[in-house]
Amino acid sequence: YGPNPAGGANFGASLSGTPRLFAKDIHLGYADFTLSAWVKIPDFTQCGGAPNATHCAVAGKMMPQFDPNSQYPDEWYDFGYLLSVTDEDSPDGGFYAQIRIGNGPFIRLQKQTHFHTAIQPDTWHYVTGIFSSARSTGDQIGTLHACVDGSCSSSPVLSDDILGYRAGTEFQVGGALGKDWDFVGTLDELNICNYPLTRPQLYLRYISYFRSDPALVVSVLPVQKNVNPTRPITLTGAANKPVAPGSFRWRITSPPGVTLTPAMTKGSLKQPAVRLLPNVLQPGITYVFELCANATDNGVLEYACGSTQIAIAPKPSIGLFSCTTVNGSLVGTAMTETWALRVVGLTGRGPFKFSYAIKAGADERPLSGGF
């Protein structure tokens, strides 16, 4: 199943469009879910949905609905959830994992695409969609995650309703109800559960598929670029074999001369996950963090390491607010955290022209403006 490092056979389900696989009576009972599968797609153009966007629908329970003001179906009112591989809104023409959810007029269709990791043709990838609803977060904002090979991106969703999981449609595998989004390729280890996996849990599940590797493997979850050093930074790693408690070791290998100490973290440097405290890393520097571990397999001691880079943003963002009137201009005080602005001391007749920008070093990027 999935990628087999030992070189043996993989026994996934080969799908070629219709007829599709489906299951009945899958009712999660809650809005929260985790939907994942290993996929291998030799030729994306064989999937359906073109020419606007190609969708290789992995699995889900998405039911088309009608616009209340129209006799035609409108996907913005669809019920349910769907995990797919698609080039929709692709920044470079590549294919990426996407999760979409909807609850008719209560939750308009929401999409999250993980543009950080492209799906390569004829290559096994572990794709996942996760929804943490307001039921889990404790407020009215849920979170929608799209993940590839244990790495995720997310977006907020205003939701305190259960999704339309009880809609009268089957759980489709390799397609979507009412659409030609056929999955043409190999699919394996399809899994769905009625709770959102945390990122460490997802990453542990991803790396567990490599247990057939005869050697100990330690890997670290990639971290996004331009990290804000004034915020806590969480590092997560895992091993493909059981590791004795306290056998992990974190350290900084680059730049030379920088030592990672317990005082820089919340937790222990001997655990697979560690949280760095704010302001312990310097702006503009790229760090390499390494996680090592040892394990005993049939009396043989093994040792392995994995690493990841963390590129720290050049400088904490500084906001400048400027306002121009017929009598001159006023530039506000530099800000690092304040986004609500109050301007005083202006005279003259309106309308007033204003602008707001982010500055990083010598570069300035406008964010908004108006009258």
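Biologist: Which residues does Asp 180 touch, not counting residues up to four places away in sequence?
Modeller: Asp 180 touches Arg 20, Gly 48 and Gly 49, where contact means heavy atoms within 4.5 Å. This is a predicted model, in which local features need pLDDT of at least 70 and side-chain atom pairs count only at pLDDT 80 or more, while totals for chains, interfaces and linings use all residues. Residues are numbered from 1 along each chain as its sequence is written, and side-chain values use heavy atoms, leaving out hydrogens and water.

Biologist: What does the side chain of Asp 180 reach?
Modeller: The backbone nitrogen of Gly 49, at 3.3 Å. Asp 180 also has its C-alpha atom 8.3 Å from that of Cys 47, although the two are 133 residues apart along the chain.

Biologist: And where is the place of Asp 180?
Modeller: In the loop between β11 (171–173) and β12 (184–193). Helices (H or I, at least four residues) and strands (E, at least two) are DSSP runs, numbered from the N terminus. Asp 180 has a relative accessible area of 46%, so it is partly exposed; buried means under 20%, exposed over 50%, and partly exposed in between (1.4 Å probe, protein chains only).

Biologist: Stepping back, how many helices and strands does the chain have?
Modeller: There are 2 helices and 23 strands. The chain has 371 residues, and 44% of them count as buried. Of the contacts between residues at least 6 apart in sequence, 64% join residues at least 24 apart.

Biologist: Which residues of α2 are buried?
Modeller: Leu 202, Tyr 203, Tyr 206 and Ile 207. Down the axis of α2 they fall within an arc of 125°, so they line one face of the helix; the arc is taken from the directions from the helix axis to the C-beta atoms.

Biologist: What covers the buried residues of α2?
Modeller: The cover includes β3 (33–40), β8 (125–132), β9 (141–148), β10, β13 (218–220) and β14.

Biologist: Different topic: where is Gln 112 found, and what do its side-chain polar contacts join it to?
Modeller: Gln 112 is in strand β7, and its side chain has polar contacts with the side chains of Ser 153 at 3.1 Å and Ser 155 at 2.8 Å. A polar contact is a pair of N or O atoms within 3.5 Å; within protein, one must be able to donate a hydrogen and the other to accept it, and residues adjacent in sequence count only if both atoms are side-chain atoms.

Biologist: Is Gln 112 buried or exposed?
Modeller: Buried, because its relative accessibility is 10%. Among the residues that Gln 112 touches are Ala 97, Ile 99, Leu 144 and Ala 146.

Biologist: Any odd backbone spots? Which residues does a cis peptide bond join?
Modeller: Ser 254 and Pro 255, with omega of about 0°. Pro 255 is in the loop between β15 (248–254) and β16 (265–266). Asp 122, which is not a glycine, has a positive phi of about 55°; Asp 122 sits in the loop between β7 (107–114) and β8. Glu 189, in strand β12, also has a positive phi, near 55°. Most residues other than glycine have a negative phi, and most peptide bonds are trans.

Biologist: Where does Glu 189 stand on accessible area, buried or exposed?
Modeller: In between: Glu 189 is partly exposed, with a relative accessible area of 31%. Asp 122 is partly exposed as well, at 46%.
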